[in-house]
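Okay, thanks for coming, everyone. I'll put the structure up and then talk through a few spots in it.

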Amino acid sequence: SSSSSSSSSSSSSSSSSGSSSADGGKSSSADGGKKSRIKRGREAMMDPEVGSALDPHPDPNDEHYDGMIYVGRKDADGRRIGFEVDNGIKYIFGTGFDESHKEIEEADLHHERYGPDAFHDVADRSHQKTREEVLRERRHGKVEAGMMPKPFGHVDTHPLDGGVMPPKVVHVDPFFLDEKPVTNKEFGKFVRATYYETEAEQFGWSFVLSSFLPKAEMLDGADVDPEAEHWVAVDGAYWRAPEGPGTSYKFREDHPVVHVSHRDAAEYCTWMGKRIPGEWEWEAAARAGHSGPNNRTLFVWGEEDTVEKASKHANLWGSGTFPWENKAEDGWRGTSPVRTYPPNDWGFYDVTGNVWEWMRGGKHKARIVRGGSYVDSLDGSFNHAATLGARATLHGTTSTGNVGFRCAKAPKRRTEYHWVYHDEERHGTLAIEDEFGKKHMAPQRGWEDQFVVEDEDDDEFEPAQEKRKRRKVVRERTRISSEL
């Protein structure tokens, strides 16, 4: 990384093109002008003299977590592809009801997302327009009558399943995801270990479905959700008492935990060393490969939209009248044990029905939930259509009897470093480390690996210049995600 060091590989590469270095015209090659070859890729990673910034990534095949499934590219033998190449997944994200964009999706799926067009929308190929023409129309086109400015983060959604419109091709990096939602038993261990108090306990109430109330007289004068009149605010309802005082989660320990807010879910995942998944990640796992223009399905089991078929694969409301008649065709009126129904092709349970699941991103007043729950229908005639694109937003503090969560985790990657200039007058004296790793001066608190750039022999005809010292620090892995 030093342009003035006569022994650095970067300076050596400059001499191979016939240019002289900045130290008085001296050859930058350490062997008297012999051309040096730049090492790249795996060869550079294996070179011990290149530096720690090019240490090889950990092998993702060596990383395993109980109860979690790896989602990422694999080779023909089923082995996980490493981070030396693009090992993420590209698929069509959004509602399953929109069929008008398949031609564009097909072209977009093969579009290269890296290079000069990486940060621009793909041109509308169906109308034979270039990217510049599309951008010009967006910036300088006429505003339609009645169209209002859209707030930051706004997405158009389908009226049946709430899925994003129009469907678009997205790319997600590899990740691990829990094979099932977090259960009451697992959440109970977290509460007992940390003495955590959920937001439903702090507020003193939570939402319960009106037909699940222990006593009918509780409906008289009860407060209801203004956007969902069948959900009643019940004092004393929380995850241990799902329907209010006098009820218990006992005998439901293997059911998904409910009455948890977005913060409650985030606290549990952090305690487990995990995080809440993004909705792009979640849908990639839910679709389980059935996400291309030719094999994209509406439901987790396929395209058949009959109650008889759905009752074998998901916990939904069924054919009864919501909210007072649940015929329990699938065997359950409320939540069901997490492994009751068959998993999808990648091994994930309950990606449709049972409980909604919190996602990261969104706004505090509009946090994203995905997957549908036991109160949803197949066709969207009431509540949401329980498709793979089912999506809704809730206030971040909302706790209710049909919202749970599962956790995700990113695979391990190499630790990368970079050099920053160090001002000793401002930051103190830089510690000097000898060839045996011994530091002769105590470093300042909070510093990472610290080194001093090697001194060079000054040209006798040039005035001596003070050398700028540098130290090596860990490069922060800051990710910019379009789903936040």
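**Strand 6, the disulfide and helix 7**

Let's start in the middle of some strand pairing: Leu177 stands opposite Ala408 in strand 14. Before I go on, keep in mind that this is a predicted model.

So, strand 14 is residues 408–409, and it runs antiparallel to strand 6, with two bridges joining them. Strand 6 also pairs with strand 1, residues 68–71, again in the antiparallel sense, this time over four bridges. Leu177 turns up there too: the residue opposite it in strand 1 is Ile69.

What about the faces of strand 6, residues 175–178? Both are covered. Phe175 and Leu177 sit on one side, Phe176 and Asp178 on the other, and all of them are buried. Yes, that includes the aspartate, Asp178.

Now to the cysteines. How many disulfides does the count come to? One. Cys269 is joined to Cys407, with 2.1 Å from S to S. The pair links distant parts of the chain, 138 residues apart: Cys269 belongs to helix 7, while Cys407 is in the loop between strand 13, residues 403–404, and strand 14.

Which hand does this disulfide have? It's left-handed, because the torsion about the S-S bond is about -85°. And are the two cysteines buried or exposed? Cys269 is buried, at a relative accessible area of 1%, and Cys407 is buried with a value of 1% as well.

That takes us to helix 7, residues 262–271. Its buried residues are His262, Asp264, Ala265, Tyr268 and Cys269. They cover an arc of only 165° around the axis, so they lie on the same side of helix 7. As a reminder, an α-helix has 3.6 residues a turn, so residues three or four places apart point the same way.

What covers that buried set? Among the elements doing so are helix 5 (184–194), helix 6 (199–203), strand 10 (356–358) and strand 11 (367–370). After helix 7 comes Gly273, which has a positive phi, near 75°.

Last stop, another sheet. This one is open, has three strands in the order 7-9-8, and its pairing is antiparallel. Strand 7 (205–209) and strand 8 (224–225) are the edge strands, each pairing on one side only. Strand 8 pairs with strand 9, residues 228–235, over two bridges, and there Asp225 stands opposite Ala228 in strand 9.

That's my tour, happy to go back to any of it.

How values were computed
Residues numbered from 1 in each chain as written. Predicted model: local features only at pLDDT ≥ 70, side-chain atom pairs only at ≥ 80, totals over all residues. Heavy atoms only, no water. Buried < 20%, exposed > 50% of the residue type's maximum accessible area, 1.4 Å probe, protein only. Pairing = 2+ DSSP bridges. Disulfide = S-S within 2.5 Å. Arc of directions from axis to C-beta. Contact = heavy atoms within 4.5 Å.
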